[in-house]
There are 2 protein chains.
Amino acid sequence: MGVRVYKFGGTSVGTVQKIQAIADRILAEPDYGHVVVVSAMGHTTDQLVALCRELSDSPDPREYDALISTGENVSAALLSMAIIAKGGNAISLNGAQAGIYTTNGHKRATIQRVNPSRIHDELTKGNVVVVTGFQGITDTQDITTIGRGGSDTSAVVLAAALGVSECHIYTDVDGVYTTDPRIVKNAQKLPVITYDEMLELAAMGAQVLHPRAVECAKEHGIVLHVRSAFLLDEGTRIQEVHTMEWQRAVTGIALKKDEATLSVVGVPNQPGIAATLFSALGDHNVNIDMIIQSNEQQNTTNTITFTVSEDDFLEAKAITETVAKTLGADRVVGDTSIAKLSIVGVGMISKPGVAATMFRALAHAGINIRLITTSDIKISCAIDMAVGEAALKALHEAFDLAAANA
Amino acid sequence: MGVRVYKFGGTSVGTVQKIQAIADRILAEPDYGHVVVVSAMGHTTDQLVALCRELSDSPDPREYDALISTGENVSAALLSMAIIAKGGNAISLNGAQAGIYTTNGHKRATIQRVNPSRIHDELTKGNVVVVTGFQGITDTQDITTIGRGGSDTSAVVLAAALGVSECHIYTDVDGVYTTDPRIVKNAQKLPVITYDEMLELAAMGAQVLHPRAVECAKEHGIVLHVRSAFLLDEGTRIQEVHTMEWQRAVTGIALKKDEATLSVVGVPNQPGIAATLFSALGDHNVNIDMIIQSNEQQNTTNTITFTVSEDDFLEAKAITETVAKTLGADRVVGDTSIAKLSIVGVGMISKPGVAATMFRALAHAGINIRLITTSDIKISCAIDMAVGEAALKALHEAFDLAAANA
């Protein structure tokens with residue numbers, strides 16, 4: 001009997017009625033063995049975190065994990081109960097019972113190995129196996145949680161341990177789109193996208209899947225099928241695709257609005273300056289994204305400009321000002337009204353002129369580009385936040401994404 | 001270092017503020033090792049049960065246990081976190097981690113053995129050990145709950161496993177009283193009461209402690225100290241007391257209002273009638289308390305009258321009517337306005353005339369006695385519910401309980 005591995009997110013299990021709908025969905029396919037990974041119901045995890053915060057700003061990590069892991073225990077038991085109430089056979093397993101062993105690092109443990117013997121036993125008995133996502137157990141039987149994107153990663157790891165090649169991620173969107181359909185009305189659902197494209201889009205703020213789960217699926221060669229928990233339609237498959245077969249240059253376009261730039265003006269033109277600045281920022285865990293250095297004043301000084309997320313802006317500005325002073329720079333200038341626009345596609349590797357098309361479309365729309373970065377499968381531009389959505393629409397049109405995927 | 005075992009009930013851990021108060025209380029006694037058993041916060045268990053009921057009238061027992069045990073996981077993690085936030089050392093252990101092994105009988109499992117090695121290890125490391133009450137684990141690592149009165153029983157069993165002679169039960173009352181202080185204003189807190197007296201009072205509806213926990217403490221010779229979670233006063237100790245030293249005839253008086261009587265009138269006077277009736281009721285799990293059989297009509301027929309709890313009345317009446325028909329009895333008469341008044345005291349064994357004092361006091365107050373039952377340490381009368389509180393006051397006065405314990 002074939003085994004299917006699913007994950008249902010917090011919104012999908014948010015009410016008893018939704019849990020019953022999932023039970024119906026699973027019972028409608030009696031010819032498979034089912035392993036169902038669930039998140040906590042709706043805002044349960046947030047409520048538990050709020051309880052913690054009443055006790056401490058930095059709650060003990062082990063106890064934090066013992067506390068918030070209960071959210072998944074509740075939803076797993078309820079789904080199992082719902083299946084049984086409808087006449088099916090089911091059993092819920094927590095991280096310890098499911099044999100999901102992690103490192104000791106509480107709050108962001110890493111799954112080290114899975115012992116699927118209990119899951120196999122329960123499948124053999126004809127049970128739907130409902131497994132708590134997001135949690136595991138250490139070798140000393142302490143409960144851990146595995147951080148953001150945890151339940152998706154749990155599902156991928158279980159698929160790998162069970163030798164299942166596809167993992168269905170049921171969520172509150174019906175797939176991955178060429179761009180945000182709330183902004184671009186004719187954005188199209190993509191039937192297929194590669195792991196690397198998905199990783200780039202996720203890093204740009206497409207919150208369908210956590211990058212960690214995508215990386216894990218890529219590593220194990222598991223196809224991720226992202227689809228709606230409330231519809232029967234096929235969603236988007238994230239999988240390896242041979243570039244030779246790939247027709248489109250650009251798969252998706254992402255707009256990330258919460259960006260900011262910092263510019264250090266009048267930096268003496270000498271070696272090691274950038275290293276000093278970015279080491280200091282790195283030491284404070286500030287992530288830098290785009291960087292440009294421009295020359296001015298007859299070659300004697302430079303301007304270094306870089307982007308940070310808006311969340312990190314104030315901290316990054318303070319660090320940068322300190323470093324600028326020691327370097328003898330003139331001043332630091334900040335701008336928080338920045339958006340980052342990115343086109344992503346494995347096809348651009350083999351198709352020249354993609355960057356030129358992008359810049360031409362933006363110029364035609366009268367949009368000024370502040371910074372540019374590129375990778376093999378991505379080109380990003382920092383632009384004014386105010387023109388972000390207009391720019392997104394211009395690029396979606398320029399690359400004909402509505403037609404290409406219609 | 002001496003080890004203390006405590007249990008804090010649901011009201012005592014009902015809010016973050018109350019949990020912090022418990023943390024302070026424990027940290028104020030650094031010279032002891034502490035094992036703290038906790039119930040679920042406030043109405044958490046009821047809320048989880050309500051979720052179950054939305055899915056099924058008879059939820060799967062294994063999943064029911066997996067679900068409702070999460071309430072204790074939450075409160076244990078929060079208390080541990082609160083102690084750590086205040087600078088102490090603590091660790092929460094669930095039933096599996098604490099080594100509390102039970103039978104497989106979900107929803108009402110029995111604790112079979114405790115492996116306290118992890119608790120010992122954590123105490124040696126200087127940790128306050130916070131253990132989830134009410135739950136355990138089977139040999140196959142399935143989560144169980146141990147039924148009503150569970151957390152008190154968990155605490156007693158842990159005290160026994162750790163070789164600790166006293167178990168402090170912190171609750172929302174400050175001890176056991178001679179009678180209900182809401183009815184009798186000068187009811188007195190008892191410093192000491194025997195296990196058997198407590199069992200009789202608990203059976204009469206004194207909800208301070210579940211009879212099961214008292215029986216378990218009696219079996220293991222653990223002194224139970226029932227006291228307020230919000231006051232520093234000593235409460236009531238439940239322990240073995242040598243009758244020789246016992247000065248008082250009556251320790252406490254209880255009034256149980258939710259009683260009903262059923263009478264089968266005109267039962268043929270022949271052997272086996274009572275057995276037939278009470279077997280039928282027993283088969284349906286209806287508990288019978290008092291029974292009298294009276295003779296009438298020149299010895300040819302009898303009337304059998306018995307009490308049941310009001311909850312069981314309708315079911316018991318239906319069963320009784322069916323049996324009465326097959327027995328050829330005249331009719332079944334029911335009355336739901338019945339209360340049961342009981343005096344309890346190990347002293348009555350050695351002090352004659354206690355029953356006489358009781359009946360005289362009730363007669364003097366003009367109260368009619370419907371049925372009487374007695375045991376070694378208890379005399380109970382069924383009376384009209386309307387005169388229940390007056391009767392309770394009359395007996396509290398007659399046995400001078402306010403003065404005896406003042």
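This note takes up the contact between chains A and B, their symmetry, and the domains of chain A.

1. The model is predicted, so that local features need pLDDT of at least 70 and side-chain atom pairs count only at pLDDT 80 or more, while totals for chains, interfaces and linings use all residues. Residues are numbered from 1 along each chain as its sequence is written, and chains are lettered from A, with ligands numbered from 1, in the order in which they are written.

2. In the interface, 24 residues of chain B are in contact with 24 residues of chain A (two residues are in contact if their C-beta atoms, placed from the backbone, lie within 7 Å). On the side of chain B that touches chain A, helix 2 (44–55), helix 3 (61–68) and helix 4 (70–85) of chain B each supply at least two residues, helices being DSSP runs of H or I of at least four residues, numbered from the N terminus. Helix 4 of chain B gives the most to this side, with 10 residues.

3. A turn of 179 degrees with a shift of 0.0 Å along the axis lays chain B on chain A with an RMSD of 0.2 Å (superposed by least squares on the C-alpha atoms of residues with pLDDT of at least 70 in both copies), which is the relation of a two-fold axis. In chain B, the C-alpha nearest the axis belongs to B:Thr70, 3.0 Å from it. Both copies use the same surface, since 100% of the contact residues of chain B recur in chain A.

4. Chain A is divided into domain 1 (3–172) and domain 2 (252–404), with bounds that come from an automatic or database domain assignment. The centres of these two domains of chain A, taken over C-alpha atoms, are separated by 39 Å.
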